[in-house]
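Me: I'm new to protein structures and could use a hand with this one. Could you start with the whole chain and then zoom in on one spot for me?

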Amino acid sequence: MLSSGTFMAYLVLALLIDARALPRSDLLRRPAWAYAVSLFALTLLFAVWFAPSGRPAFAAISALITLAIVVHISNLKYRDVLEPVNFMDFTLTPQIWRHPRLYRAEFLRHWVFWVGVLLLLGVIALWFAWIEISVLRHPDRWTPLIAMSLATAIMVYLVFAGPLPETIVSAIHARLMPPDPARDVSVLGFAGATLAGVIAWRRHAEVSRSWPVMPPANEQPSPLVIVVQAESFVDLARIGLRDVSLPGLAEARAKSALHGPLTVPVQGAWTLRCEYSFLTGLPLQVFGMDALHPYWRLRHPPRTIAHHLRDHGFRTAFVHPFDIAFFNRETAMPKLGFQRLIGEEAFADTAREGYYVPDLAVADRVLELVASEHAPLFCMAATMENHNPWGRGRIAGIDDPVDQYVYHLRNTDRMIARLIAGIEAQPRPAVFAFYGDHVPTLHELAEPFPDTRTDYVVMGWRDGTWLPGGKTGDLSLGQLAGTILDVLQQVRAGTVERQPAGA
């Protein structure tokens, strides 16, 4: 039935392909447990192709092609964001189809791609008919084939959903902590890291921080907390890449209680990890394997700043001018304490800036929400305007990717100024916080980025004055929510010295 030579040749070639995954691992120096995990993963890949086809040569070639394609995609991702494909990336397949531009996968909608798919199906049909006859044509071989197919199904089930010995799960989980896909690929190879990640993900970290005691928000006028997470925002002048003037950011810093560089957990992608670290007030790695895609499962959601403010009388709203189901936000955000979600449909009549809703429109929508909501309000907005890809065709008259990025960066800066002006027109006490989610994936600007920190500002407003300070301090993203609550406490207590709105 199955030629042992074919299978052994497959394993050798698969290991060689697997070793090409970035960051590269020394195939000959992997630990024994890494070989065991990798060989099991590669065997399972072969079995998945062999079980339905009954053709060993076809299964071997198909498995090798599958592995080569995924390793190539992983290497492209690693060169972009210094993180290889990990097991959670496969959960993004539906949104890659819905939003191919975000993943540079526009080819999925091109007719040439589908012609290629039809040709491939034709080649497979010819292979089945003329090159390799299925072992199912030999009745005496049905029993072992059925047994192998059943074993494959059982193993797939056990890996992804069924019971596994706790000793195996614990051992693999311990070796993969803290979560670091680049480290895992360098030790295990791509196939081994993927399988190990699936197994380690079974261990769920239930972590939550305590939030400071605060009185109910029943004073008048009612307080505001506005937080903006700005897509790919960073002060290029601070890190010495471009002398780009950002007057809105300069104004915010001058009027801030605290500002400075912000250490964020990602580079160039995975915005939701930043959202999660900010909302939970914790470093991302404490959530174990869930840190790779925090919104995929939230069986026991941690208490967030949104929960905390909601429980003290604040209405909570999340604004994101894009597909609100993207990254499973539609399900996750209510679990994380938000009572109202405002997505792309609220901007249906808004002209796009480049590919996405402009940041100034987000500022206007936030200020409209402030005007219409008289109760205490916590509003978090995650912008979209400066999301990749940058390149020809994005902005009329601007073809250079760096110039496009700077164009959108200045629009984000105008958003900051507009929100400051809107808050200054309010009689309500307010905290305004702003931060960049990550540096951009823009090799034309820098490769690698010399400083992967972004920038943050926290401001406090009451009775026509700004909370004094203007202090500079480095923060990590998990510390920012606590800092906002500290400033809110000072604003609500009225501990604001004179700093005029026009200062």
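How much accessible surface does the protein chain have, and what percentage of it belongs to carbon and sulfur atoms? After that, please take a close look at R79: in which helix is it found, and which residues does it touch, leaving out those up to four places away in sequence?

Reply: Happy to! Keep in mind that this is a predicted model. The accessible surface of the protein chain comes to about 21,700 Å², and 61% of that belongs to carbon and sulfur atoms.

Let's get a feel for the whole chain before zooming in. You'll find 15 helices and 10 strands in it. The C-alpha trace spans about 90 × 55 × 40 Å along its principal axes. For 503 residues, a compact globule would have a radius of gyration near 23 Å, and this chain comes out at 26 Å, which agrees. Of those 503 residues, 54% are buried. There's also plenty of contact between distant parts of the sequence: take the contacts between residues at least 6 apart, and 77% of them join residues at least 24 apart. As for charge, the chain carries 44 positive and 45 negative side chains, and the centres of these two sets lie 5 Å apart.

Now for R79. Look for it in helix α3, which covers residues 56–81. Is R79 buried or exposed? Partly exposed, because its relative accessible area is 44%, and that label covers values between 20% and 50%. Leaving out residues up to four places away in sequence, R79 touches L22, H443 and E447.

L22 is worth following up. A cis peptide bond, with omega about -5°, joins L22 to P23. P23 itself lies in the loop between α1 (4–18) and α2. R79 and P23 are 56 residues apart in sequence, yet their C-alpha atoms are 9.5 Å apart in space.

That loop leads us to α2, residues 32–53. How far apart should the ends of α2 be? Its 22 residues, at 1.5 Å a residue, should span 32 Å, and the end C-alpha atoms are indeed 32 Å apart, so the two agree. The buried residues of α2 include A34, V37, S38, A41 and L42. Here's a handy idea for reading a list like that: an α-helix has 3.6 residues a turn, so residues three or four places apart point the same way. Further along α2, F46, A47, F50 and S53 are also among the buried ones. Right after the helix comes G54, with a positive phi near 65°.

The cis bond before P23 is a good reason to look for other backbone features. Most residues other than glycine have a negative phi, and most peptide bonds are trans. Against that background, the bond from M177 to P178 stands out as cis, with omega near -10°. P178 is found in the loop between α7 (166–175) and α8 (181–200).

Two residues catch the eye for their phi. S232 isn't a glycine, but its phi is positive, near 55°. It is found in the loop between β1 (224–230) and α9 (247–254), and S232 counts as buried because its relative accessible area is 1%. F327, also not a glycine, has a positive phi near 60°. You can spot F327 in the loop between β3 (315–319) and α12 (329–335); its relative accessible area is 8%, so F327 is buried.

Definitions and conventions: Residues numbered from 1 in each chain as written. Predicted model: local features only at pLDDT ≥ 70, side-chain atom pairs only at ≥ 80, totals over all residues. Heavy atoms only, no water. Helix = DSSP H or I, 4+ residues; strand = E, 2+ residues; numbered from the N terminus. Buried < 20%, exposed > 50% of the residue type's maximum accessible area, 1.4 Å probe, protein only. Contact = heavy atoms within 4.5 Å. Rg over C-alpha atoms; globule rule 2.2 N^0.38 Å. Areas by Shrake-Rupley, 256 points an atom, 1.4 Å probe, with all protein chains shown as cover. Lys, Arg positive; Asp, Glu negative; His and termini not counted. Charge placed at Lys NZ, Arg CZ, Asp CG, Glu CD. Expected span 1.5 Å × (residues − 1).
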